[in-house]
Amino acid sequence: MIKYQYVAKKIKQMIYQQQLPKGAQLDNIEGLINQYQVSRSTIIKALDCLERQGVIYQVQGSGIFVRQRKKRGYLNFLQSHGFTVDLDDTYGISKVLNVDLIKPNSKVKDNLQCDDGEDVYFIKRLRYVDGKLYGLEKSYYRKKLINYLNKEIVENSIFSYIQDNYNINIGFSDKYFQVIKLDTETAQYLGLQAGEPALYVEEVFYTTAGEPFDFSTIIYHYENARFCVQNHSK
């Protein structure tokens, strides 16, 4: 994990663990530098990261303040660092259905820019929030970049595992949305009826160097899944 991301994570944990209310003022930049023993540029990047996530807001000449927390059980629609990252206080779990090493089909190859014959890990998981089924997720990871995955790892945050165990810094993603009608197989997984509506999302995740390493799709349960967008002016 990049240093500023680590500091942002620690500040976020502090805010939530101390249950700081909306409008609570944090230490100024100098105070945060002393507290976390990092450079000014690292603190500034960490604060910008938290502002983009909707955790804080900064008022020039006044300080750094805690923003209104999103409602419990809502996923940030603009969050691009994985499902688990957005569930700080919400009981989120995964039921792993598949962890297989496969040869990618043409769609996966196009999205991951795989070489011919390259192996990918195929992960299929049911995602739950507060005991409610949120969606069916299918993910493809390049073995060339992420050498090993197993059921125990993918029951938790794969991104945290990648950042902790591989020299990979997660940079950005491209996300695509579409409303679909459920096919019979997917409907059975979600406990719904074939032909009912669902939000289908595709996302390609890249390293900071611009190399794709994860292509994921998720089909959300239309009765259970809830989303928010915490935007900012920058």
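Is Lys109 buried, partly exposed or exposed, at 25% relative accessibility? Lys109 counts as partly exposed. The views below come from a predicted model.

**View 1. Lys109 and Asp116 form a salt bridge.** The closest N and O atoms of this pair are 2.6 Å apart. Lys109 has a relative accessibility of 25%, which makes the residue partly exposed. Its partner Asp116 is exposed, with a relative accessible area of 69%. The cut-off for exposed is over 50% and for buried under 20%, so a value in between is called partly exposed. By the rule used here, the model has nine salt bridges.

**View 2. A salt bridge joins Glu118 to Arg142.** Here the closest N and O atoms are 2.7 Å apart. Glu118 sits in the loop between α4 (106-112) and β5 (120-129), while Arg142 belongs to strand β6 (residues 132-142), so the pair ties together parts that are 24 residues apart in sequence. Both ends of this bridge are buried: Glu118 has a relative accessible area of 9%, and Arg142 has one of 3%. Glu118 and Arg142 also belong to a network of salt bridges that includes Glu211.

**View 3. Lys175 and Glu203 meet through their side chains in a salt bridge.** The N to O distance is 3.7 Å. This pair links distant parts of the chain, with Lys175 in strand β7 (residues 170-181) and Glu203 in strand β8 (residues 197-207), 28 residues apart. Lys175 is partly exposed, at a relative accessible area of 24%, whereas Glu203 is buried, at 9%.

**View 4. Helix α2 packs against helix α3.** Helix α2 covers residues 29-36 and helix α3 covers residues 40-52. Their axes are 9 Å apart and make an angle of about 110°. The two helices are therefore roughly perpendicular to each other, because angles of 65 to 115 degrees are given that name. On the α2 side, Ile29, Glu30, Leu32, Ile33 and Tyr36 take part in the contact. They meet Arg40, Ile43, Ile44 and Leu47 in α3. Of the residues in this contact, seven are nonpolar, two are charged and none is polar.

**View 5. Phe172 and Tyr206 form a stacked aromatic pair.** By the rule used here, the count of aromatic pairs comes to eight. In this one, the ring centres are 4.9 Å apart and the planes meet at 15°, so the pair is stacked. Phe172 is in strand β7 and Tyr206 in strand β8, so the pair ties together parts that are 34 residues apart in sequence. Phe172 is partly exposed, at 41% relative accessibility. Tyr206 counts as buried, at 11%.

**View 6. Tyr220 and Phe227 form an edge-to-face aromatic pair.** The distance from centre to centre is 4.8 Å, and there are 90° between the planes. Tyr220 is buried, with a relative accessible area of 10%. Phe227, at 26% relative accessibility, counts as partly exposed.

**View 7. Phe122, Tyr140 and Phe215 form a cluster of rings.** Ring pairs link these residues to one another in the cluster.

Definitions and conventions. Residues are numbered from 1 along each chain as its sequence is written. This is a predicted model: local features need pLDDT of at least 70, side-chain atom pairs count only at pLDDT 80 or more; totals for chains, interfaces and linings use all residues. Side-chain values use heavy atoms; hydrogens and water are left out. Axes are lines fitted to C-alpha atoms, for helices over the stretch in contact, and angles run from 0 to 180 degrees between N-to-C directions. Helices (H or I, at least four residues) and strands (E, at least two) are DSSP runs, numbered from the N terminus. Angles under 35 degrees count as roughly parallel, over 145 as roughly antiparallel, 65 to 115 as roughly perpendicular and the rest as oblique. Contact means heavy atoms within 4.5 Å. Ala, Val, Leu, Ile, Met, Phe, Trp, Tyr, Cys and Pro count as nonpolar, Asp, Glu, Lys and Arg as charged, and the others, Gly among them, as polar. A salt bridge is a side-chain nitrogen of Lys or Arg within 4 Å of a carboxyl oxygen of Asp or Glu. Buried means under 20% relative accessible area, exposed over 50%, partly exposed in between (1.4 Å probe, protein chains only). Rings of Phe, Tyr and Trp (its six-membered ring) pair if their centres lie within 6.5 Å; planes under 30 degrees apart count as stacked, over 60 as edge-to-face and the rest as tilted.
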